[in-house]
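Work through the exercises below with the model open in a viewer. Each task is followed by a solution in steps.

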Amino acid sequence: MSRVYNFSAGPAVLPEDVLKEAAAEMLDYQGTGMSVMEMSHRSKAFQSIIDEAEKDLRELMEIPDNYKVLFLQGGASQQFAMIPMNLFKNKVGDYIITGQWAKKAWQEAKLYGKANAVASSADKTFSYIPDCSDLPIDEDADYVYICQNNTIYGTVYHELPNTKGKTLVADVSSCFLSEPIDVSKYGVVYGGVQKNVGPAGVVIVIIREDLITEDVLPGTPTMLRYKTHADAGSLYNTPPCYGIYICGKVFKWLKAKGGLTAMKEQNEKKAKLLYDFLDQSKLFKGTVEKKDRSLMNVPFVTGDEELDALFVKEAKAAGLENLKGHRTVGGMRASIYNAMPIEGVEKLVAFMKDFEEEHGK
């Protein structure tokens with residue numbers, strides 16, 4: 001069977017070149033006579049895999065020297081607890097609620113101290129990013145927290161909030177490496193890799209060194225301290241070795257494609273194709289305010305649940321997979337991450353045109 005165009009929000013499409021390389025090395029990684037899956041994380045071969053992955057990521061993102069790169073487990077959701085556990089000094093965090101994941105992070109932080117919702121777009125089903133130019137930032141806030149790109153609702157911050165000097169913490173899971181960012185504007189940037197970088201099971205945390213201290217909340221487990229992992233070079237315990245190896249291959253693929261500036265251009269081109277069609281369509285409608293649209297996740301609806309279900313079913317038959325919207329919002333969603341080729345988006349738009357001709361009122 002030929003490969004489908006996979007529009008899943010995560011685990012998501014990976015570059016075909018990377019999958020082929022990994023397949024070729026599956027039984028024998030570079031003359032070791034074994035797979036990376038079987039390799040000791042204490043071996044020289046694996047040490048060079050993780051070192052090279054970090055080096056390539058630092059180059060791609062231009063990560064300053066005073067930031068550590070950690071390859072961890074537990075997904076983005078575990079960071080919801082690790083962040084307050086490690087960063088709470090005054091036990092106050094300010095959260096901007098722009099979707100389900102920011103909301104979950106905010107609720108988790110409440111277990112450890114005071115978590116303020118300083119802005120929210122819940123009033124319009126998270127279809128926009130609130131104005132963050134003059135927020136009621138708490139004087140005692142240890143950090144201001146955002147989810148930069150909202151996978152479910154398809155919104156993104158095109159401008160970072162004014163944190164009034166407080167440390168910015170960002171979950172970038174679904175826009176990771178989709179465009180250049182200035183890491184120095186953040187205290188912590190983290191993301192689960194299964195959307196835009198690699199297979200599920202790895203979360204990458206990029207954290208400024210002054211935020212890594214022994215001074216954590218009492219009772220914080222050893223494994224949930226950033227210092228534990230920073231001091232051990234992400235090898236305190238057995239890391240998700242194979243996932244890190246694939247991420248490393250994706251970093252090389254991105255570099256070969258021209259880096260993050262080239263990726264951003266490509267992603268803008270793909271998103272424009274889809275949004276331009278949605279804006280003139282009489283049947284399909286995008287659900288996000290134009291100024292806040294994501295380049296990665298594009299939700300849309302017909303306004304008729306039965307028609308939405310038919311669309312998803314017929315799209316699947318046409319080799320366009322995983323277009324069903326998140327269970328909490330329904331409708332459709334096309335996730336068009338870095339590894340989605342432009343042909344996939346062209347095929348989707350052509351299919352939508354045909355569907356509209358057949359079912360448009």
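The exercises on this predicted model cover the sheet, the helices packed on it and a surface patch.

**Exercise 1.** Determine the strand order of the open sheet, and state which strands stand at its edges.

Solution. Step 1: the open sheet has 7 strands in the order 2-10-9-8-5-3-4, and the pairing is mixed. Step 2: strand 2 (67-72) and strand 4 (114-120) each have a single partner strand, so each has one side without a neighbour in the sheet and stands at an edge. Step 3: from one strand to the next, the twist averages 20 degrees.

**Exercise 2.** How do strand 9 and strand 10 run, and how many bridges join them?

Solution. Step 1: strand 9 (residues 188-192) and strand 10 (residues 203-208) run antiparallel. Step 2: 5 bridges join strand 9 to strand 10. Step 3: opposite G191 stands I204, in strand 10.

**Exercise 3.** Find which strands helix 2 lies across and which strands helix 3 touches.

Solution. Step 1: helix 2 (residues 44-61) lies across strand 2 and strand 10, at about 130 degrees to strand 2. Step 2: helix 3 (residues 75-87) packs on the sheet and touches strand 2, strand 3 (92-97), strand 5 (143-147), strand 8 (168-171), strand 9 and strand 10. Step 3: the direction of helix 3 makes about 155 degrees with that of strand 9.

**Exercise 4.** Locate M26 and classify its exposure.

Solution. Step 1: the loop between helix 1 (16-24) and helix 2 holds M26. Step 2: the relative accessibility of M26 is 30%, so M26 counts as partly exposed. Step 3: M26 forms a nonpolar surface patch with L27 and M37, and together they have about 330 Å² of accessible area.

Methods: Residues numbered from 1 in each chain as written. Predicted model: local features only at pLDDT ≥ 70, side-chain atom pairs only at ≥ 80, totals over all residues. Heavy atoms only, no water. Pairing = 2+ DSSP bridges. Helix = DSSP H or I, 4+ residues; strand = E, 2+ residues; numbered from the N terminus. Axes fitted to C-alpha atoms, helices over the stretch in contact; angles between N-to-C directions. Contact = heavy atoms within 4.5 Å. Patch = residues over 30% accessible without salt bridge, like charges linked within 9 Å, V, L, I, M, F, W, Y side chains within 5 Å. Areas by Shrake-Rupley, 256 points an atom, 1.4 Å probe, with all protein chains shown as cover. Salt bridge = Lys/Arg side-chain N within 4 Å of Asp/Glu carboxyl O. Buried < 20%, exposed > 50% of the residue type's maximum accessible area, 1.4 Å probe, protein only.
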